[in-house]
Amino acid sequence: MSFAKASDLLRLAEMAAARHRGVALSEIEAEFGVDRRTAQRMTKALEDLFPATETSTDEMRRKYWRLRGTDARLMLTQGIRDSELAALEMSIRRAEREGAATDVKALKSLRDRLLAAMPGPHARRAEADAEAVLEAHGFASRPGPRVRSDPRLLATIAEALKAPFMLTISYLGRRDNAPRERLVAPYGLLLGARRYLVAKEQGGDGRFRHFRLDRMQGARLMAQSFARDPDFDLEAHAARAFGSFHAAEEYGPVAWRFAPSAASVAREFVFHPDQHVTEEADGSLTVRFQACGWLEMAWHLYQWGDGVEVLEPEGLRALVARHRRSDFPALP
């Protein structure tokens with residue numbers, strides 16, 4: 001067996017031990033980039049190497065291979081790799097930068113438990129190697145402005161989202177003279193230039209509203225639970241906007257044409273998860289999607305100077321028309 005195949009088999013064993021139900025053939029195909037016959041051979045090798053491998057079949061007749069933790073002692077001797085520890089450290093630093101205090105606490109706890117389970121010399125070597133990887137990647141922090149977030153507020157919202165529980169928030173709306181309390185059912189957070197809590201207000205019209213976190217004076221977790229709308233999908237909801245701000249009256253087709261001089265840079269961007277890109281005959285690039293949030297679009301488009309033209313909507317076209325500059329020395 002080649003070293004590569006041995007490494008793949010150990011990775012397969014990790015997957016089989018880490019997942020409650022086990023690992024299916026489709027997951028093996030996706031993880032290792034192999035066809036069905038190769039995936040089947042890998043499961044046969046797994047059963048040969050780990051005789052205690054258990055199999056099960058779900059209601060869709062899909063077969064799963066599972067290793068109990070007590071049968072995976074060989075994998076535990078691998079410890080934690082420097083690249084894995086570096087990835088964990090990067091995630092911690094990103095969460096710190098973004099003010100996600102709850103995630104920082106959870107990730108640090110996970111890192112410390114992993115290191116505590118390793119022999120001292122191995123743990124110290126992994127930490128040193130991970131630091132070297134971080135330096136090699138040039139990762140120290142994510143530059144740029146950000147909005148301050150109250151860690152206690154974020155922790156309270158996180159608890160409410162997990163349960164889920166109702167929240168009472170003290171909120172200063174745009175038309176309010178002073179903060180007032182609102183009882184809301186929280187559904188998720190939108191992260192962007194501003195952070196918004198997606199929620200339904202009790203006694204309201206039943207529609208989802210967005211509450212800016214920087215306008216919240218506080219939040220209290222309530223004992224009252226609620227049933228989530230089973231049809232709500234946060235990713236699909238977020239995709240209705242370009243950034244984190246939603247304006248239902250602006251929702252519709254969006255089309256931007258990047259000049260040939262900017263097209264090569266624009267190709268590297270994903271402007272929207274549902275975008276459609278067209279290569280034009282003159283070398284320009286047209287990007288189309290459906291979303292709202294013209295102001296956040298305008299903020300982004302300004303960085304492209306005169307390298308981009310708004311084809312639609314007309315409201316956005318008018319918003320940026322007088323701000324297309326030709327003297328920017330670089331593109332985003």
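This report describes a predicted model of one protein chain, from its overall make-up to its largest nonpolar core.

The chain has 332 residues, and 36% of them are buried. It contains 12 helices and 12 strands. Of the contacts with a separation of 6 or more, 57% join residues 24 or more positions apart. About 20,000 Å² of the chain is exposed, and 51% of this area comes from carbon and sulfur atoms.

Confidence varies along the model. The mean pLDDT of the chain is 84, with 85% of residues at 70 or more. Over residues 135-141, however, pLDDT stays under 50. This stretch has 6 contacts beyond four places in sequence. Where pLDDT is low, the predicted coordinates should not be read in detail.

The largest nonpolar core consists of 20 residues. Trp256, Phe258, Phe271, Phe289, Met297 and Leu316 have the most contacts inside this core. Two or more residues come from each of β9, α10, β11, α11, β12 and α12. The largest contribution, 4 residues, is that of β11.

Helix α11 also has its own set of packing partners. Its buried residues are Glu296, Met297, Ala298, His300 and Leu301. They pack against the elements in this table.

| Element packed against by α11 | Residues |
|---|---|
| β9 | 252-258 |
| β11 | 285-291 |
| β12 | 308-312 |
| α12 | 314-320 |

Met297 is both a buried residue of α11 and one of the core residues with the most contacts. Beyond its neighbours within four places in sequence, Met297 touches Phe242, Val254, Trp256, Phe289, Ala291, Cys292 and Leu316.

Notes
Residues are numbered from 1 along each chain as its sequence is written. This is a predicted model: local features need pLDDT of at least 70, side-chain atom pairs count only at pLDDT 80 or more; totals for chains, interfaces and linings use all residues. Side-chain values use heavy atoms; hydrogens and water are left out. pLDDT is the predictor's confidence in each residue, from 0 to 100. Contact means heavy atoms within 4.5 Å. Buried means under 20% relative accessible area, exposed over 50%, partly exposed in between (1.4 Å probe, protein chains only). Accessible areas come from the Shrake-Rupley method with a 1.4 Å probe; for residues, only the protein chains shown count as cover. A nonpolar core is a set of buried Ala, Val, Leu, Ile, Met, Phe, Trp, Tyr and Cys residues joined through side-chain atoms within 4.5 Å.
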